[in-house]
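Reader: Could you take me closely through one helix of this chain, including how it packs against a partner and what follows it? I would welcome a connected account rather than a list.

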Amino acid sequence: MDTIRSSFFWRGDSDRDKYHMIKWENVCLPKDFGGLGIINTWVMNESLLLKWVWRLLQNSRDDKGVTFSVNNGRSVRFWQDVWILDIPLRLAFLGLYEKAEKKSCLVHECVEEGELKMSFRRTLNTVDMQNWENLLQLVANIRLNEAEDTPKWMFEKSNQYSTKSMYRWMTHRGVVNKRMRRVWDSRLPMRIKVFMWLTFNNRLQTGVELKKRKWKDSHLCGICGCPETTDHILFTCCVARFVWACFTEALAWDRAPRSLNDFLDTWILLGCRDYNLKLFLFASVLWGLWTTRNKRAIEGKFPRSPTDVLFKIHAFLQRWRVRLRNEDQAKLANLEGQVRSWTEEFLLQLRGRPPDEDFL
Ligand SMILES: [Zn+2]
């Protein structure tokens with residue numbers, strides 16, 4: 001069996017395929033990767049490794065391993081390939097992509113001297129227009145030339161393929177993938193699944209991320225002036241800390257999540273009890289924080305009170321709850337009720353509270 005597989009891996013009839021050739025012993029040899037026992041236990045056993053290698057061989061374009069250097073722009077798809085960012089533009093500019101007339105247009109068909117030629121099926125709203133501006137900025141410096149576009153591997157600085165880097169990449173993706181599979185399989189609305197994907201992969205368009213792509217506006221949080229990272233928006237900004245503190249109090253948690261890593265490592269472990277319930281609860285908190293941030297950063301609308309964010313989250317929970325299984329629905333309704341009554345109590349106290357003495 002292994003001989004058949006390895007001869008298969010060595011085959012390859014175009015230049016492109018040479019990128020994917022792997023010595024089977026190397027793929028199977030975990031010795032150098034002592035810390036990555038996970039590969040043996042589930043990647044190997046479930047033959048996921050083989051699946052991945054298959055996918056790389058067959059359809060590397062859709063995978064995150066390949067990125068393109070654009071020259072004449074004739075073989076790279078504008079929205080679907082990875083070329084200007086480290087993710088496809090369809091994911092970075094979801095709203096625009098959904099409205100774009102030609103989803104699989106090639107770069108040379110729509111980029112000309114740093115300008116974009118593109119038509120949309122529907123009119124663009126305010127958020128789309130903002131994104132359109134960002135997209136224009138991104139391509140402003142693109143100049144096509146006569147040379148062929150070239151694929152390259154993202155793993156290594158030299159862009160040379162190596163088994164070791166591929167191994168590392170697959171392990172990382174393996175963990176993320178397994179987690180993401182749960183999210184894709186869940187009954188969350190599609191845009192929330194995509195949002196969770198972007199969050200888990202640290203790909204949200206935060207100020208700091210936009211700055212890396214030559215964004216002209218400030219990369220600082222508009223509320224507290226800290227660099228605006230994913231962790232900041234979702235965990236450490238004062239708005240986020242307030243929201244998490246409320247949940248911590250209302251649901252009697254020991255503590256609040258501190259960062260995305262903390263969150264993924266200890267709050268929503270794969271295989272934990274009530275996984276779907278937690279996923280829905282946390283997704284609505286994260287989505288509530290993210291949309292609040294966008295309202296503020298893009299539309300300039302500040303919440304009147306930090307509790308507005310709680311009501312927003314509550315509304316999401318109510319809307320999405322019906323998608324859960326009956327028993328989970330009941331559990332979620334219960335949690336939601338606890339948070340709501342805590343918030344109402346909090347507001348009452350806030351209203352009845354006399355001003356601080358030094359204020360008078
Ligand atoms: Zn902040």
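Author: Helices here are DSSP runs of H or I with at least four residues, numbered from the N terminus. The model is a predicted one, and by this assignment helix α11 is the run of residues 190–200. Directly after α11 comes N202, which has a positive phi, near 55°.

Within α11, the residues that count as buried are F195, M196 and T199. Around the helix axis these three cover an arc of only 100°, which puts them on the same side of α11. The general background is that an α-helix has 3.6 residues a turn, so residues three or four places apart point the same way.

The partner to consider is helix α16, residues 275–299, against which α11 packs at an angle of about 80°, the two axes lying 11 Å apart. Angles from 65 to 115 degrees count as roughly perpendicular, and α11 and α16 are therefore roughly perpendicular to each other. On the α11 side the contact is made by I192, F195, M196 and T199, which meet A283, L286, W287 and W290 of α16. By residue class, this contact of α11 with α16 comprises seven nonpolar residues and one polar residue, with no charged residue taking part. F195, M196 and T199 thus appear both in the list of buried residues of α11 and in the list of residues that meet α16.

Helix α14, residues 238–250, offers a useful parallel. At 1.5 Å a residue, its 13 residues should span 18 Å, and the C-alpha atoms at its ends are indeed 18 Å apart, which agrees. The buried residues of α14 are V239, A240, V243, W244, C246, F247 and A250. Viewed down the axis of α14, these buried residues fall within an arc of 150°, so they line one face of the helix. Just after α14, A252 takes a positive phi of about 55°, and N202, which follows α11, likewise has a positive phi, near 55°.

For the wider setting, the secondary structure of the chain comes to 18 helices and four strands, and 22% of its 360 residues count as buried. Among contacts in the chain between residues at least 6 apart in sequence, 59% join residues that are at least 24 apart.

Methods:
Residues numbered from 1 in each chain as written. Predicted model: local features only at pLDDT ≥ 70, side-chain atom pairs only at ≥ 80, totals over all residues. Axes fitted to C-alpha atoms, helices over the stretch in contact; angles between N-to-C directions. Helix = DSSP H or I, 4+ residues; strand = E, 2+ residues; numbered from the N terminus. Parallel < 35°, antiparallel > 145°, perpendicular 65-115°, else oblique. Contact = placed C-beta atoms within 7 Å. Nonpolar A, V, L, I, M, F, W, Y, C, P; charged D, E, K, R; others polar. Expected span 1.5 Å × (residues − 1). Buried ≥ 20, exposed ≤ 12 C-beta atoms within 10 Å, placed from the backbone. Arc of directions from axis to C-beta.
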